[in-house]
Structures are given as C-alpha cells and as structure tokens.
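Q: Please take a close look at one part of this structure, the largest nonpolar core, and describe how it is built and what surrounds it.

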Amino acid sequence: MLIAAWLIRWSGLVALAGLVGGFAVDLLVLPAGARPMAVARRRLRALRIGCTILLLVVTVGEWWLRATTMGGGGLGTAVRAMPVVLTRTHFGTVWIGRAVALLALLALSSASRRGWQRLGALAALGVALSVSLTGHASDWGDLTPTAGIDWVHVVGATTWTGGLVVLVVVVVREARRWPVSLLAKIMRRFSRLAAWCLLTVVLSGAYASWVQVGGLTALGQTVYGRALVAKVLLVLGLGWW
C-alpha cells in the first residue's frame with residue numbers, strides 16, 4: 001500500500017511537471033512562428049498528451065487510495081467506499097473538477113493554434129490548483145492565502161523543473177539544426193523564466209515553512225522539517241547549477 005501510494009504520488013508530480021513545463025516552453029520560450037522548431041513543437045504536443053493520460057490514471061489511483069484510507073479495509077471495502085468519497089467529500093468535489101480539466105486537456109494538449117494552447121495552459125493551472133486543494137494547504141480552507149500561495153508554489157516549481165526537463169529532452173535534440181542565434185534566444189528566454197520561478201518557489205516555500213513548521217527547532221525534530229531541509233538544499237543546488 002505504501003509503495004502504491006508513493007508511486008501514484010510521484011508519477012502525478014512528474015506528469016504535472018511535464019504538462020505545465022510543456023505548455024510554458026511552447027508558449028513562453030519558443031518563438032512563435034519559427035519554422036525550424038516545427039518538429040520540436042510536435043514532440044511537445046505528444047509529450048503533453050502523454051502527461052495528461054498519465055495524470056488521468058494517477059487521478060483514478062488517488063481516488064482509490066482515498067477510498068482505501070476512509071474505508072479502512074481491503075479492496076472490496078475501498079471499491080464500495082469510492083462512490084461515497086466522490087459524492088460526499090471535499091476531495092470528491094475537487095476530484096471531479098480535476099477529471100473534467102484533464103478530459104478537456106486531452107484535446108487541448110494536441111492543439112497547434114496559440115489560442116487553444118493558452119486555454120490548455122489555463123486547464124493545466126487548474127489541475128495544479130487541485131493538488132493544493134487536496135494537500136496540506138487545504139487544511140486552512142480553499143479560499144485562504146495559504147492555499148493560494150501553495151498553488152503559486154506548485155506552479156512555479158513545475159514550470160521550472162518541468163520546463164528544464166522538457167527543454168533538454170525535447171527541444172535540445174532538435175537544436176543542432178537551428179541557427180546559433182535562435183538557440184541563444186531560446187536559452188535567454190528560459191533563463192529569465194527560470195529566475196522568476198526560482199524567486200516564486202523560494203518566497204512561497206518560505207511562507208509555507210513558516211506556517212507549517214512553526215519554528216526552527218521543528219526542522220530537526222519532525223519528518224516534515226527534515227524533508228524540508230533536504231528540499232531546500234536541493235533547490236539551492238539546482239539554482240546554483
């Protein structure tokens with residue numbers, strides 16, 4: 001059960017980073033209308049579709065995990081509890097919204113027109129919001145600064161890390177055929193985007209740490225605190241790199 005929960009959680013985060021990062025690179029980093037990157041853009045669309053499908057699978061898995069936790073039993077109890085979780089809980093309400101956004105993204109992720117892509121990016125931001133509304137930040141309420149700042153944190157982190165991976169895996173593979181000036185322009189654009197994302201992640205993460213940890217002594221005395229220290233070190237290392 002623990003391994004299944006871990007796999008579902010991390011698969012969802014990776015897929016969300018690929019989805020948000022894919023839209024960010026396509027809309028904010030790659031120059032509009034540049035012919036040399038047509039192949040890269042096709043690969044970006046395929047990547048977004050794959051990430052959307054994986055997120056749909058993960059979303060069903062999260063529903064099952066929540067039903068298993070609430071039912072407190074085996075597979076049969078979890079299956080019987082799933083309709084109740086969907087129709088009578090806050091998680092179920094957010095889950096339905098997330099599922100609708102993902103189904104819309106199946107079509108929007110493959111769109112080549114900028115208008116439809118922007119609409120798809122908004123749907124991806126909605127999926128990111130569902131992560132905050134079903135996580136620790138939702139304990140303070142949906143319409144609170146804590147939930148909003150956590151959403152900003154998720155968006156900044158997925159845009160930065162997902163965009164970096166997408167840039168390396170999808171875009172740079174085609175960059176050998178591009179003019180050097182075009183590649184330099186793309187790298188400058190992503191560098192500026194990454195800098196803003198890093199600032200967003202640091203500021204929103206500092207606020208979340210202040211709210212959830214409560215003091216410096218808790219950093220070494222709680223699992224969350226120790227995980228936070230490791231996360232900060234990783235962010236500093238990636239930022240320096």
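A: The following account begins with the model and then turns to the core and its helices.

This is a predicted model, in which local features need pLDDT of at least 70, side-chain atom pairs count only at pLDDT 80 or more, and totals for chains, interfaces and linings use all residues. Residues are numbered from 1 along each chain as its sequence is written, and side-chain values use heavy atoms, with hydrogens and water left out.

The chain has nine helices and zero strands, these being DSSP runs (H or I, at least four residues, for helices; E, at least two, for strands) numbered from the N terminus. A nonpolar core is a set of buried Ala, Val, Leu, Ile, Met, Phe, Trp, Tyr and Cys residues joined through side-chain atoms within 4.5 Å, where buried means under 20% relative accessible area with a 1.4 Å probe, protein chains only. The largest such core holds 21 residues, and Leu 16, Leu 19, Phe 23, Leu 55, Leu 102, Leu 105 and Val 127 touch the most other members. At least two residues of this core come from each of α1 (2-29), α2 (38-71), α4 (90-108), α5 (114-133) and α6 (145-171).

Leu 55 illustrates the packing: leaving aside residues up to four places away in sequence, Leu 55 touches Gly 12, Ala 15, Leu 16, Leu 19, Arg 98, Leu 102 and Val 127, contact meaning heavy atoms within 4.5 Å. Another core, of 20 residues, lies apart from the largest one and includes Val 166, Leu 167, Trp 178 and Ile 186. Across the whole chain of 241 residues, 42% are buried.

Terms used. Buried means under 20% relative accessible area, exposed over 50%, partly exposed in between (1.4 Å probe, protein chains only).
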